[in-house]
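Please look over the sequence and the model shown here before reading on.

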Amino acid sequence: MHIWIGDLAPPTEWMDTWRRFHPDWKYDVIDNAFIASRRFQNQSLIDWYMRSMQFAGAADLIRYELLFESGGFIAEADSVCMRNTDELWTRPCAYTVYENEFLRGKLVSPILASNPKNPFVGDLIDQLGNLQPDEIGSPWMTTGNLFVAQMIETRNPDIEIFPSHFFIPVHYSGVKYEGKGPVYAHQLFGSTRKAYGKPNMRGHIRRLWGKYRRLKAKKNTQSRIEKVIFEVRHGLLK
């Protein structure tokens with residue numbers, strides 16, 4: 001599942017990589033039409049972020065409520081999948097990933113996946129519902145990374161926190177994972193880098209996949225594959 005709301009065209013080249021590696025999944029895109037067709041528990045807060053055009057905040061709120069209702073995995077729309085992730089979801093709990101253990105301390109991504117009616121995800125929803133108007137701030141603080149990290153710290157929930165290299169092997173600062181552990185996806189930080197809608201995005205993704213397939217066919221190492229992706233993201237691939 002993906003969430004894509006707001007006024008920009010979705011990055012379908014990135015989103016489609018998740019379908020490619022998970023052909024057996026039930027796949028949905030939660031879009032503007034979907035959220036207009038129903039009400040959420042924290043609808044007023046969602047409306048506030050939509051009016052403010054801070055769509056990441058609205059997406060976080062929607063993410064938690066959908067996961068609580070039905071469970072599943074909601075991939076980040078601005079990420080490219082590199083391998084099947086089925087082996088990760090081994091037990092009924094909440095899942096997230098560190099943003100970067102060395103640069104950003106205990107900050108984590110918004111919840112990636114959970115079982116239905118997960119108590120911690122429900123706690124996130126309830127806590128956000130208690131926000132006063134003067135407590136609403138930037139999404140990463142109020143609904144996302146910092147908020148979830150603080151809730152983990154105070155609630156000590158049953159949650160699996162993956163190492164950052166699973167989904168964010170290259171931080172937006174440029175710090176890169178150099179180990180040999182598995183990389184399931186590359187986070188492209190679309191909002192941070194203002195990458196959405198760039199005219200060369202399609203070409204970059206096409207070249208990424210072409211070179212990835214060639215490297216894989218030759219049984220090259222994971223580090224070489226990561227180097228290609230790093231070059232694409234920074235416009236260095238010729």
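The report below takes up the internal cavity, the salt bridges and the surface of this predicted model.

## The internal cavity

The structure holds 1 cavity of 30 Å³ or more, and the largest cavity encloses about 70 Å³ of space. Its lining draws on Trp18, Phe73, Ala75, Glu76, Ser79, Val97, Ser109, Leu112, Phe167, Ile168, Ala185 and Gln187.

By residue class, the lining of the largest cavity divides into 8 nonpolar, 3 polar and 1 charged. Among the lining residues are the aromatic side chains of Trp18, Phe73 and Phe167, along with the carboxylate-bearing Glu76.

## Salt bridges

The count of salt bridges in the model comes to 8. One of them pairs Asp28 with Lys26, whose closest N and O atoms are 2.6 Å apart; of these partners, Asp28 is partly exposed, with a relative accessible area of 30%, while Lys26 counts as exposed at 69% relative accessibility. Another joins Arg83 to Glu87, with the closest N and O atoms 3.8 Å apart, a separation that still meets the cut-off of 4 Å for a salt bridge. Arg83 counts as partly exposed at 30% relative accessibility, and Glu87 is likewise partly exposed, with a relative accessible area of 47%.

Arg155 forms a salt bridge with Asp123, and here the closest N and O atoms lie 2.7 Å apart. Because Arg155 belongs to helix H7 (residues 145-155) and Asp123 to helix H5 (residues 119-129), the pair ties together parts that are 32 residues apart in sequence. Arg155 is partly exposed at 36% relative accessibility, and Asp123 is also partly exposed, its relative accessible area being 21%. Elsewhere, salt bridges that share partners join Arg91, Asp158 and Glu160 into one network.

## A nonpolar surface patch

Phe102, Leu103 and Val175 together make a nonpolar surface patch of about 340 Å². Val175 lies in the loop between strand E7 (159-162) and strand E8 (185-187), and with a relative accessible area of 38% it is partly exposed, so Val175 passes the patch requirement of over 30% relative accessible area.

## The loop that holds Arg104

Arg104 is found in the loop between strand E5 (94-97) and strand E6 (113-114), where it counts as partly exposed at 25% relative accessibility. Although Arg104 and Leu146 are 42 residues apart in sequence, their C-alpha atoms are 10.0 Å apart in space.

Note on methods: Residues numbered from 1 in each chain as written. Predicted model: local features only at pLDDT ≥ 70, side-chain atom pairs only at ≥ 80, totals over all residues. Heavy atoms only, no water. Patch = residues over 30% accessible without salt bridge, like charges linked within 9 Å, V, L, I, M, F, W, Y side chains within 5 Å. Areas by Shrake-Rupley, 256 points an atom, 1.4 Å probe, with all protein chains shown as cover. Salt bridge = Lys/Arg side-chain N within 4 Å of Asp/Glu carboxyl O. Helix = DSSP H or I, 4+ residues; strand = E, 2+ residues; numbered from the N terminus. Buried < 20%, exposed > 50% of the residue type's maximum accessible area, 1.4 Å probe, protein only. 1 Å grid on protein atoms, 1.4 Å probe; cavity = no way out; pocket = protein on both sides within 12 Å on 5 of 7 lines; lining within 4 Å. Points joined across faces, edges and corners; volume = space filled by probe spheres on them. Nonpolar A, V, L, I, M, F, W, Y, C, P; charged D, E, K, R; others polar.
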